[in-house]
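Me: I am new to this structure and would like to get to know it step by step. Could you show it to me first?

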Amino acid sequence: MHEYPVTVQIVDIASETARKNNGCVRRIDLVVGEDSGFIGESIQMYFDVIAEGTLCEGAQLFIEGVKPQLRCEKCGKHFERKRFSFQCPYCGGDGEPTPIGKEFYVKSVELEVEDQ
Ligand SMILES: [Zn+2]
């Protein structure tokens, strides 16, 4: 349920951008890592409801998921984390967590601006 407040924030940020440019929001691209703690589907679900009556109404929300990656402490290679396994597929070493997969940010906001 904690996706609700962040979705409100996303709508706020995008609406603010639109307001400054005298336009409305056509499209929002959001990056959500699988380890970010947020579920893309839930954000998508809340979005239409929250966007109603704002400058984001009718905008499309695109969510780009990022799979978590580990870095092998032996050979230094990055690899995608498999379920229940931290083992490097190249050399069998132990993988350590990286920031990849924890992303959560608005990548871009596309506006529709009327000619004046
Ligand atoms: Zn390795």
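Me: Which residues does the UniProt annotation "binding site" (unreviewed entry) cover, besides what it lists elsewhere?
Reply: Happy to help! UniProt positions are given in the numbering used here, feature names are shortened, and annotations may be inferred rather than shown by experiment. In that unreviewed entry, one "binding site" annotation covers Cys 72, Cys 75, Cys 88 and Cys 91.

Me: What is the largest C-alpha distance among them?
Reply: A word on the model: it is predicted, with local features needing pLDDT of at least 70 and side-chain atom pairs counting only at pLDDT 80 or more, while totals for chains, interfaces and linings use all residues. Residues are numbered from 1 along each chain as its sequence is written, and side-chain values use heavy atoms, leaving out hydrogens and water. The four cysteines are spread over 20 residues of sequence, yet they cluster in space, and their largest C-alpha distance is 8.6 Å.

Me: Which atoms are the protein donors of the zinc ion, and how far from it do they lie?
Reply: Donors are N, O and S atoms within 2.8 Å of the metal (3.2 Å for Na, K and Ca); water is not among the atoms, so sites may look incomplete. Here the donors are the SG atoms of Cys 72, Cys 75, Cys 88 and Cys 91, at 2.3 to 2.4 Å.

Me: What spacing do the donors follow along the chain?
Reply: Helices (H or I, at least four residues) and strands (E, at least two) are DSSP runs, numbered from the N terminus. Cys 75 lies in the loop between β3 (69–72) and β4 and Cys 91 in the loop between β4 and β5, so this pair ties together parts 16 residues apart in sequence. The spacing of the zinc donors is C-x2-C-x12-C-x2-C.

Me: Is the site of the zinc ion tetrahedral or irregular?
Reply: Four donors count as tetrahedral if all angles lie between 85 and 135 degrees. The ideal angle for four tetrahedral donors is 109.5 degrees. With angles of 101 to 116° among the four donor atoms, the zinc site is tetrahedral.

Me: Why does Cys 88 count as buried or exposed?
Reply: Cys 88 sits in the loop between β4 (78–80) and β5 (95–97). Not counting residues up to four places away in sequence, Cys 88 touches Cys 72, Cys 75, Phe 79 and Gly 93 (contact means heavy atoms within 4.5 Å). Buried means under 20% relative accessible area, exposed over 50%, and partly exposed in between (1.4 Å probe, protein chains only). Because its relative accessibility is 3%, Cys 88 counts as buried.

Me: What is the relative accessible area of Cys 91?
Reply: Leaving aside neighbours within four places in sequence, Cys 91 is in contact with Cys 72, Lys 74 and Cys 75. Cys 91 is partly exposed, with a value of 34%.

Me: Where is His 2 found?
Reply: UniProt also lists His 2 for "binding site" in the unreviewed entry. Beyond residues up to four places away in sequence, His 2 touches Gly 37 and Phe 38. At 44% relative accessibility His 2 is partly exposed, and its place is the segment before α1.

Me: How many residues has the largest nonpolar core?
Reply: A nonpolar core is a set of buried Ala, Val, Leu, Ile, Met, Phe, Trp, Tyr and Cys residues joined through side-chain atoms within 4.5 Å. Those with the most contacts inside the largest one include Val 25 and Ile 43. The total in that core is 19 residues.

Me: In which strand is Val 25?
Reply: Val 25 is buried, with a relative accessible area of 3%. Among the residues it touches are Ala 14, Leu 55 and Val 109. The strand that holds Val 25 is β1.

Key:
Four donors count as tetrahedral if all angles lie between 85 and 135 degrees; four count as square planar and six as octahedral if opposite donors are over 155 degrees apart and all others between 65 and 115; anything else is irregular.
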